[in-house]
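Colleague: Hi! Could you walk me through this one?
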Amino acid sequence: MKPRLSRRSALVGGGAALTAGLAACAPPNPGEVNAQPTIPAADGKVHLTYWAWLKDLQNVCDVFNESQDRIHVDAVWIPGGNTGGYAKILSAIAAGGGPDIAQVELRQVPEFALAGALVDLTRYGFAEQEPKFDPGAISQAKVGDSYWAVPQDTGPVATFYNREVLEDELGLEAPATWDDFYETAGIVSEAGKSLISLDPSDGSHPIAWVMQAGANWFRPEGDGWIIDMTGEASLRVADFWDRIFADGLVGVGYGSYTTPWYAAAADGNVLASISGSWSDALNKTVPGGEGKWAVAPMPTWPDGYASGGHGGSAAAVASNSQHPVEALEFLTWMCTDPAGIDAMIEHSGIGWSPAADYIGELRQQPDEFFSGQNYNEEVIVPMAEGQNLEWTWAPLMQRVQAIIGDGMTNAVTGDVPLADMFAEAQTEIVEIMRTIGLDAEEAR
């Protein structure tokens with residue numbers, strides 16, 4: 001039997017295989033920079049490259065470039081991660097090149113660390129910067145005791161809903177609890193409409209649901225991982241949504257912010273989206289929606305958290321960079337300084353601010369599209385502050401999300417209940433993790 005590598009060995013530089021989600025990419029040589037003593041700050045000027053799919057990122061970099069004359073940052077646009085960006089980053093690093101900084105989704109950070117593609121920022125004192133960051137953001141860039149990236153934006157979940165139809169026409173309120181959600185979805189369905197519509201193949205939604213309920217599917221423990229997808233919180237979510245699907249209370253033909261969703265939303269036939277905070281910008285493109293929509297908290301469980309996480313990215317220092325000190329200085333500025341946050345909101349349209357105490361000037365005022373509501377301060381701030389900080393992303397999240405999406409599709413048809421799917425997925429994920437050299441066990 002092939003010996004298994006410990007989690008610590010794999011993350012620091014022993015792992016040579018990538019998970020199935022990145023199988024098409026050439027694996028980089030594990031962490032040449034990570035294996036060396038820390039690189040000191042340069043004596044002279046430094047030029048950094050930053051590969052990302054954020055729009056107009058150079059405008060953000062220029063704000064920093066103009067604020068000092070030691071470090072110059074150039075942004076290079078790449079396709080979104082799963083549409084070619086990740087392959088480009090990993091292939092370049094494998095060839096000994098690549099950027100100094102790369103955009104990586106928060107859920108993908110452990111996978112890139114396992115591949116030896118990232119610098120362990122803890123070795124450069126990044127833990128000292130933790131108080132500057134929103135706890136819900138910084139916790140998602142950490143595995144065990146190490147920080148592998150700088151959170152760039154996050155997606156605390158909220159409810160974006162058609163106030164005019166739900167409240168004025170149907171006389172209902174945005175559901176405050178999941179029990180309320182069940183009742184409200186039923187009334188809306190009887191009126192010939194859908195409260196929400198889901199793409200059942202999108203595994204990100206069940207993950208956000210269980211995060212909020214208090215689950216912690218992937219726990220680093222010692223030199224390995226405990227996979228726990230069948231605990232009380234997970235099974236509560238599974239039973240609830242199995243009942244929703246069996247009773248046909250939500251749409252399952254298309255997801256939020258797709259072409260059919262926009263058409264139904266414009267006609268008042270689909271009334272809400274329970275999704276990440278970044279959904280506000282997408283919601284504002286609903287035809288004729290201005291002044292008709294509003295934002296409410298995510299429905300809650302009595303003993304759960306205020307919100308789950310849905311989306312969000314990090315900026316990671318690539319393992320071939322010769323200037324990690326300067327890269328970290330720039331990233332700390334960009335992701336915590338008000339000038340950096342405001343620039344990212346204005347030019348790049350980031351999701352929720354990763355800073356501990358600054359949401360951005362543009363987000364501190366009422367919004368006419370959302371009925372004049374000051375929704376960022378009234379709703380999103382509490383959602384960001386009330387997240388499950390124990391959640392850790394596993395080093396194979398592309399594969400995990402695909403497994404959950406496939407299982408959701410079967411649950412919608414009633415073929416396999418979500419509770420059974422979670423148990424089957426747990427066994428499959430442990431097997432995959434062992435195959436790629438990690439110690440992994442199912443929770444007992």
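Modeller: Happy to. For charges, Lys and Arg count as positive and Asp and Glu as negative, with His and the chain ends not counted; the place of a charge is NZ of Lys, CZ of Arg, CG of Asp or CD of Glu. This is a predicted model, where local features need pLDDT of at least 70, side-chain atom pairs count only at pLDDT 80 or more, and totals for chains, interfaces and linings use all residues. Residues are numbered from 1 along each chain as its sequence is written, and side-chain values use heavy atoms, with hydrogens and water left out.

Colleague: So how many positive and negative side chains are there?
Modeller: The protein has 23 positive and 60 negative ones, and the centres of the two sets lie 6 Å apart.

Colleague: Switching topic, where does Tyr375 lie?
Modeller: Tyr375 is in helix 14, residues 375–385 (helices are DSSP runs of H or I, at least four residues, numbered from the N terminus).

Colleague: Buried or exposed?
Modeller: Tyr375 counts as buried, because its relative accessibility is 3% (buried means under 20% relative accessible area, exposed over 50%, with a 1.4 Å probe and protein chains only). Across the protein, buried residues make up 57% of the 444.

Colleague: And which residues does Tyr375 touch?
Modeller: Leaving out residues up to four places away in sequence, Tyr375 touches Asp280, Lys284, Val295, Asp367, Phe370 and Ile380 (contact means heavy atoms within 4.5 Å).

Colleague: Which side chain makes a polar contact with the side chain of Tyr375?
Modeller: That of Asp280, at 2.6 Å; a polar contact is a pair of N or O atoms within 3.5 Å, and within protein one must be able to donate a hydrogen and the other to accept it, while residues adjacent in sequence count only if both atoms are side-chain atoms.

Note on methods: Helix = DSSP H or I, 4+ residues; strand = E, 2+ residues; numbered from the N terminus.
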